[in-house]
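Grab your viewer and a notepad. Here are a few short exercises, each with a solution worked out step by step.

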Amino acid sequence: MSASSLTLPDGVTITGAINPGYETILSLEALSFIADLHRRFEPARQRILEARKTRQKALDAGEDPVFDAPQTSDIRAGNWRVRPAPADLQDRRVEITGPVDRKMIINALNSGAKCFMADFEDASTPSWANMVEGQINLRDANARTISLVDEARGKSYSLNDKTAVLMVRPRGWHLPEAHMQVDGTAVSGALFDFGLYVFHNHQALKGQSSGPYYYLPKLESAEEARLWNMVILHAQSALGLAPGTIRVTVLIETIMASFVIDEILYALRDNIVGLNCGRWDYIFSYIKRFARRPDRVLPDRAHVSMTVPFMRAYSRQVIETCHRRGAHAIGGMAAQIPVRGDNAANDAAFAKVRADKEREVKDGHDGTWVAHPGMVALATEVFDEHMPAANQIERQNGFHASAEDLLTPCSGPITLGGVRTNIEVGILYIASWLRGQGAAPIHNLMEDAATAEISRAQLWQWRTHGAKLDDGQVIDTDFLEAQFTDVLQGLKTQTGENDWATSRIDDAARVMRTLVFDEEFIEFLTLPAYELVK
């Protein structure tokens, strides 16, 4: 089928293939709803993207973010609280995340976790098929008709009677949906994902005493939160939904957002239920926003854990601010996954997850994330032991981070192994992304776009500032080129000639090289990579 088989609203063009079933999601009414969102909010989206560029120039010039903006002092000083969470979001002790393919959705909803975040963003390649079929899968999940038969394995999948609460992460403000244009302009991927989900699912969710619940990614300012608030209020009005029907959790996963936590909560106060510490994107954001600052260079990724001072301060600041405002503070992703066939490595992975979750719950987090169903029981056990109630929102620790606490980089070595791991992980992840798989198990960790962003951002920053390895070797272009060549040859040997052509590793290496060696720091790897999958 082609787009000509659809009935389109005036001014709307669809360029993606229309496979069987797509017409039920891309209905005239749904597309009209998205077109309206685009026409109302696209100018504001463009303004916030320009504002990011302006802020970046100031950061490059040596300016630092501050807490005490005078125009929002009343917000910070006030004793307001957000609207209480609905009943099915009171207990969020363990959440699982993953892409929006049919098998993942069923397994995650059946995993025993309290919530499942279906991810259209960092864990999903935004190909047209993935985005539209993901919406079909979520609609079927909310209708409780979703099922899957894997004939090759002789397995069938369907929902248990009791399932996790479904939440959806749309794409960030920066990504377009190139296959839908309104008046000649590509729509925002965020509005496309948000609009289709609420349009097709609000009635089914109401019947289950639930609602359209979202995770909002990569916000950097109160202005970006206010834009989301305007979108939400308009959507509720246009669809005849009661105030507070749409509920959101914001990921504090940018260094800029950590300075305006109160302001973000206030902007969304009638619809927000909590904040999440998106640790991997946060590390990437720190590197990106201070990429041209030699005083802000970080060591190997392995040494930037949640226990180093600036990351611990960020996490505790989120907890303290959330609880003061009556919101949930959700901890970050444990990237470890079960390791089959290696008991020692498996035991080590579980021990790391246990230590991470114990730190989070003892610090005051109300819940946490895991990347694999095999980690749900462990995380639940830890939170059950230390948090017997549904949450610990009323707990206050009296912690207040200073700007210096959040901005001072941690110490640690830069090693040859760290350089080569960054190159390998970056290439392997981008190759997986180009093949349509946005969540990739690499070296016993579940990698998504955020961790690949750290890899390429570190390499760019180390090269730009001529950082040195722990043995004194200067990281310059010639050195990195030699490492790229060697790592790529190793990957070719591992992959084998028969699988090389379909691996997309060559394409990924070209993207990775551009990201590392370009004189300008490219904002997101998904922007150039999107040109190869759309």
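**Exercise 1.** Among contacts in the protein chain between residues at least 6 apart in sequence, what percentage join residues at least 24 apart?

*Solution.* One thing to keep in mind from the start: this is a predicted model.
- Step 1: keep only pairs with heavy atoms within 4.5 Å, and at least 6 residues apart in sequence.
- Step 2: ask how many of those contacts bridge at least 24 residues; the share comes out at 77%.

**Exercise 2.** Work out how the radius of gyration of the protein chain fits the rule for a compact globule.

*Solution.*
- Step 1: the rule is 2.2 Å times the number of residues to the power 0.38. With 534 residues, that puts a compact globule near 24 Å.
- Step 2: the chain itself has 22 Å, so the two agree.
- Step 3: for a view of the extents, the C-alpha trace spans about 65 × 60 × 50 Å along its principal axes.
- Step 4: add the burial figure, with 59% of the 534 residues counting as buried.
- Step 5: fill in the secondary structure, which amounts to 19 helices and 15 strands.

**Exercise 3.** Find which parts of the chain the salt bridge between Arg171 and Asp193 ties together.

*Solution.*
- Step 1: side chains of opposite charge can pair when their charged atoms come close.
- Step 2: here the closest N and O atoms of Arg171 and Asp193 are 2.8 Å apart.
- Step 3: Arg171 sits in the loop between β6 (165-169) and β7 (176-182), while Asp193 belongs to helix α6 (residues 189-207), so the bridge links parts 22 residues apart in sequence.
- Step 4: check the surroundings, and both Arg171 and Asp193 turn out to be buried.

**Exercise 4.** Take the pairs Asp295–Arg293 and Arg456–Glu453, and decide for each partner whether buried or partly exposed is the right label.

*Solution.*
- Step 1: the cut-off for buried is under 20% relative accessible area.
- Step 2: Asp295 and Arg293 form a salt bridge at 3.6 Å, N to O. Asp295 has 45%, so it is partly exposed, whereas Arg293 is buried at 8%.
- Step 3: Arg456 and Glu453 meet at 2.7 Å, N to O. They are three residues apart in helix α15 (residues 449-465), so about one helical turn separates them.
- Step 4: Arg456 has 0% relative accessibility and counts as buried; Glu453, at 3%, is buried as well.
- Step 5: elsewhere, salt bridges with shared partners join Arg52, Arg55, Glu220, Glu224, Lys288, Arg289 and Glu523 into one network. The structure holds 49 salt bridges.

Conventions
Residues numbered from 1 in each chain as written. Predicted model: local features only at pLDDT ≥ 70, side-chain atom pairs only at ≥ 80, totals over all residues. Heavy atoms only, no water. Helix = DSSP H or I, 4+ residues; strand = E, 2+ residues; numbered from the N terminus. Buried < 20%, exposed > 50% of the residue type's maximum accessible area, 1.4 Å probe, protein only. Salt bridge = Lys/Arg side-chain N within 4 Å of Asp/Glu carboxyl O.
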